[in-house]
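Hi everyone, thanks for making time. I'd like to walk you through a structure that is probably new to most of you, so let's put it on the screen.

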Amino acid sequence: MARFVDRVTLHVTAGAGGHGCASVRREKFVPLGGPDGGNGGRGGDVVLVADPGVHTLLDFHHRPHAVAGNGRPGQGSFRNGANADDVELAVPEGTVVMSDDETPEVLGDLAGPGARFVAVRGGRGGLGNAALASPARKAPGFALLGEPGDTRDLVLELRSMADVGLLGFPSAGKSSLVSALSAAKPKIADYPFTTLTPHLGVVSAGDSTFTVADVPGLIPGASGGKGLGLDFLRHIERCSVLVHVVDCATFETDRDPVSDIRALEHELAAYTPALGTDMSERPRIVALNKIDVPDAADLAELVRDEVAEFGWPVVEISTAAHNGLRELSFLMAGAVEEARASRADTPPPRVVLRPTAVDDSGFTVEADTGDDLDPSAGPAWRVRGDKPERWVRQTDFVNDEAVGYLADRLARLGVEEALAEAGARPGDMVTIGVHTFDWEPSTPAGVAALGGGPPASGRGTDPRIENAAYAERLSASERKANRSERRRHRDDAELGVPSWVDGGDPYDDEVGEDPE
């Protein structure tokens, strides 16, 4: 048996990016092949797509988890990893995406066919060591890790996309009216709350075609959660026209058409803050139903003038005898056409671009006042920003050279200088993302901001170059002087100049010997 589900909680997880590859070309007769590690692939996104062929959120009720694939890691010989495919989830038109927290926030509104909303984005792939090579770092011995994908919980709410919404107390004849006006066949019975799910029907009146939604019966207190009203009031939010279906043959002595209309209007006004739209501006039509019953026909004639004081069109109908249905359908068609014409005159929303300010550093430094901090550990600081947090996530902290590369990037971004200006001292705890470090300024900028001299040693160490040969490596000026010396000796040899010419006088006064 098919079920109608219009509210679900969806758990979505995007794919992680593939790791970059740290590889060096090793081939016979190719000395110094250099780095050739490829980049990792991008993780897959989870995307919600409005599909006109889907009418319920039932699939997500049974399968509330959606996970995208991970990107492939890079490989040697400059082979990049493959990007993962995006996961597209078909949802009904009119689905509203909200955050799952105490104060839900509307994140997306899939109102039209083909509308798309990226629920979570996949992680970026890590760069291979070939992409990290530079004139100063010709053969990086590390690669960047793939960034993990986003994970979040979302609430999906379906709000029916109907032109006309039928309002009324239980057993007022709303489902019968939909059945009489269209080919829809909702369940009809003579007990309250027969309609447990909204039913949509397509109605034609002249050249106009529109949809009618049968909203479950409302009762006083529905906006506060009483009865079924709270669950289904949202289905009338998108309706352009509201029709009050009034039961004129009710057996309840404390009810009459005027009081029923006022009670329903009170519930709409109470629910308006939750909808975020003013329902009082929607055109109304009043349908006095069940006039095939003699007492109901007399009551409808008696209260018709009083109901007309609301300022809305009033029509007497009978869904059983099909009286007044043609007049009602043309009234609804005219109101719908006016609403469509007014929407056509509304200019489309403007796309607002907010470029990054020229003086935006891309990060902020603030004191960390978390409750889980140890006061005896000293001051703590937190660095927030997309770039530094992403760089930390992509760093392999097992590799010392990768840690040094991270420190270089943070220093170029100005993080060390900003920490010093904020009052951080060596040894303070600094948190970036989910990682916490003991801050030791190691760049000239960071040390200078603290009023100190140049750093005593470098940041990172690389075990591949920690040997005696590197420790005794000559400076650039010394290497230049040696090259000049070797070039002069080569030129002298080509001209036949004796090697002892540069050694001074060949006749040594102390020895007194002739070299010949």
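Let me begin with one side chain on the outside: Phe78 counts as exposed, because its relative accessibility is 55%, and the cut-off for exposed is over 50%. One thing to keep in mind as we go is that this is a predicted model. Phe78 sits in the loop that runs between β3 (65-67) and β4 (87-91). Its backbone is worth a look as well, since Phe78 has a positive phi of about 60° although it is not a glycine. Why mention that? Most residues other than glycine have a negative phi.

Phe78 has a companion in this respect. Phe29 also shows a positive phi, near 70°, and is likewise a residue other than glycine. You'll find Phe29 in the loop between β1 (7-13) and β2 (46-50). Is Phe29 buried or exposed? With a relative accessibility of 74%, Phe29 counts as exposed.

Now let's step back and take in the whole protein. It has 516 residues, and buried ones make up 40% of them. The fold contains 13 helices and 18 strands. If we take contacts between residues at least 6 apart in sequence, 71% of them join residues at least 24 apart. As for the outside, the accessible surface comes to about 29000 Å², and carbon and sulfur atoms account for 51% of that.

How many disulfides does the structure hold? The count is zero. Two cysteines you may like to find on the screen are Cys239, which is buried with a relative accessible area of 0%, and Cys248, which counts as buried at 4%.

Next, the aromatic rings. The structure holds three aromatic pairs. One of them brings together Phe310 and Trp312: the ring centres are 5.2 Å apart and the planes meet at 10°, so this pair is stacked. To be stacked, the planes have to be under 30 degrees apart. Phe310 itself is partly exposed, with a relative accessible area of 26%.

Another pair, Phe397 with Phe437, is tilted, with 5.7 Å from centre to centre and 35° between the planes. This pair links distant parts of the chain, 40 residues apart: Phe397 is in the loop between α8 (386-393) and α9 (400-413), while Phe437 is in strand β18, residues 435-438. Phe397 is partly exposed, at 30% relative accessible area, and Phe437 counts as partly exposed too, at 27%.

That loop leads us to helix α9, my main stop today. What should its 14 residues span? At 1.5 Å a residue the expected span is 20 Å, and the end C-alpha atoms are 20 Å apart, which agrees. Ten of those 14 residues are buried, so α9 is largely enclosed by the rest of the structure. Among the buried ones are Glu401, Tyr405, Asp408 and Arg409, along with Leu406, Leu410 and Leu413. And what covers them? The cover includes α2 (129-132), α8, α10 (415-422) and β17 (429-432).

Have a look at both ends of α9, too. At the N-terminal end, Asn399 acts as a cap, with a side-chain oxygen 2.9 Å from the backbone nitrogen of Glu401. Just after the helix comes Gly414, which takes a positive phi of about 95°.

Before we leave this region, there is another residue in the loop between α8 and α9, namely Gln394. Gln394 is buried, at a relative accessible area of 5%. Which residues does Gln394 touch, once we leave aside its neighbours within four places in sequence? They are Arg124, Gly125, Gly126, Leu144, Leu145 and Glu147.

Two last stops. Helix α3, residues 174-181, has six of its eight residues buried, so α3 is also largely enclosed by the rest of the structure. Those buried residues are Lys174, Ser175, Leu177, Val178, Ser179 and Leu181.

Finally, Ser160 is in the loop between β8 (151-158) and β9 (164-167). Ser160 is buried, with a relative accessible area of 7%. Ser160 and Ala111 are 49 residues apart in sequence, and their C-alpha atoms are 9.6 Å apart in space.

That's the tour. Thanks for listening, and I'm happy to turn the model around for anyone who wants another look.

Key. Residues numbered from 1 in each chain as written. Predicted model: local features only at pLDDT ≥ 70, side-chain atom pairs only at ≥ 80, totals over all residues. Heavy atoms only, no water. Disulfide = S-S within 2.5 Å. Buried < 20%, exposed > 50% of the residue type's maximum accessible area, 1.4 Å probe, protein only. Helix = DSSP H or I, 4+ residues; strand = E, 2+ residues; numbered from the N terminus. Contact = heavy atoms within 4.5 Å. Areas by Shrake-Rupley, 256 points an atom, 1.4 Å probe, with all protein chains shown as cover. Phe/Tyr/Trp six-rings, centres within 6.5 Å; stacked < 30°, edge-to-face > 60°. Expected span 1.5 Å × (residues − 1). Polar contact = N/O pair within 3.5 Å; in protein donor to acceptor, adjacent residues only side chain to side chain.
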